[in-house]
Amino acid sequence: ELRLSNGTGPCSGRVEVKHEEQWGTVCDGDWTIEDAEVVCKQLQCGSAVQALNRAPFGEGSGPTWLYRVDCRGDESVLWNCSHTGWGAFTCPHYFDTGVICSGFSGLRLTGGDTACSGHLKVKQEETWATVCFSHIDFKTASIVCNELDCGQAVDILRGTHFGDRHELIWQEEFHCVGNETHLAHCPRILHHSKTCSHDATVVCSGETL
């Protein structure tokens, strides 16, 4: 089994592996984005955004199960990558690895007048999740428009009132700085509330300037 701990949700955190009924960590010898990619795919968390070392999500506990993991990026599970053997090397926990995954594999604007305007949705595994109006700002909208090749952000509107709609709601608030190339690279804060008063409608200028 594999999990990410201490992050902003199930798709970021310290990499932990369960072996012989005990959870342990992965040591950061040559920890790369290809290694992180396998973790994200295995957890159905989209693609890897960052591979981190030196315990960015705090020090774990238990054995350091894996060391010098070397993935090509297309393995189905982390332990299929080459490594030195289970528990072969005891590493201090300040070398624990961390991963930030995109958490979603796609984004789109739906229900608008053009392909470059509409309700912002992100694809989480096989379903599309709605992004709340309160969870994005204009900088974030700018990144979305740019990523969709839709030019500049023109406006963010309060979309339809949520009420009793049974749609999946994206649980993270985006805080883009403004220079990111993809929404997945923006810093995020997790919100546990399942409520959303309005969804976010993004209007882009429509063509790349």
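Here are legends for four close-up views of this protein, which is a predicted model.

**View 1. Meet the two domains.**
The chain splits into domain 1, covering residues 2–101, and domain 2, covering residues 106–204. Take the C-alpha centre of each domain, and you'll find 29 Å between the two.

**View 2. Where the domains touch.**
Six residues from domain 1 meet six from domain 2 here. Interface size is often quoted as the accessible area lost when the parts come together. In this case domain 1 and domain 2 bury about 520 Å² between them, with 47% of that on carbon and sulfur atoms. On the domain 1 side, look for Thr8, Gln44 and Val49: they lose the most area to domain 2, together making up 80% of what that side buries.

**View 3. What kind of contacts are these?**
Hunting for salt bridges between domain 1 and domain 2 turns up zero. One residue pair does make a polar contact across the interface. The domain 1 residues touching domain 2 come out as three nonpolar, three polar and no charged.

**View 4. Two pockets to explore.**
The largest pocket holds about 290 Å³ of space. Its lining has 19 residues, and Pro10, Gln124, Trp170, Gln171 and Leu190 sit nearest the centre. Both domains chip in, with at least three lining residues from each. Sort that lining by type and you get eight nonpolar, eight polar and three charged. The second largest pocket has a volume of about 180 Å³. There, 16 residues form the lining, with Thr8, Ile100, Cys186, Pro187 and Arg188 nearest the centre. Recognise Thr8? That residue also appeared in View 2, among the three in domain 1 that lose the most area to domain 2.

Methods. Residues numbered from 1 in each chain as written. Predicted model: local features only at pLDDT ≥ 70, side-chain atom pairs only at ≥ 80, totals over all residues. Heavy atoms only, no water. Domains from an automatic or database assignment. Contact = heavy atoms within 4.5 Å. Buried area = accessible area lost by both parts, 1.4 Å probe. Salt bridge = Lys/Arg side-chain N within 4 Å of Asp/Glu carboxyl O. Polar contact = N/O pair within 3.5 Å; in protein donor to acceptor, adjacent residues only side chain to side chain. Nonpolar A, V, L, I, M, F, W, Y, C, P; charged D, E, K, R; others polar. 1 Å grid on protein atoms, 1.4 Å probe; cavity = no way out; pocket = protein on both sides within 12 Å on 5 of 7 lines; lining within 4 Å. Points joined across faces, edges and corners; volume = space filled by probe spheres on them.
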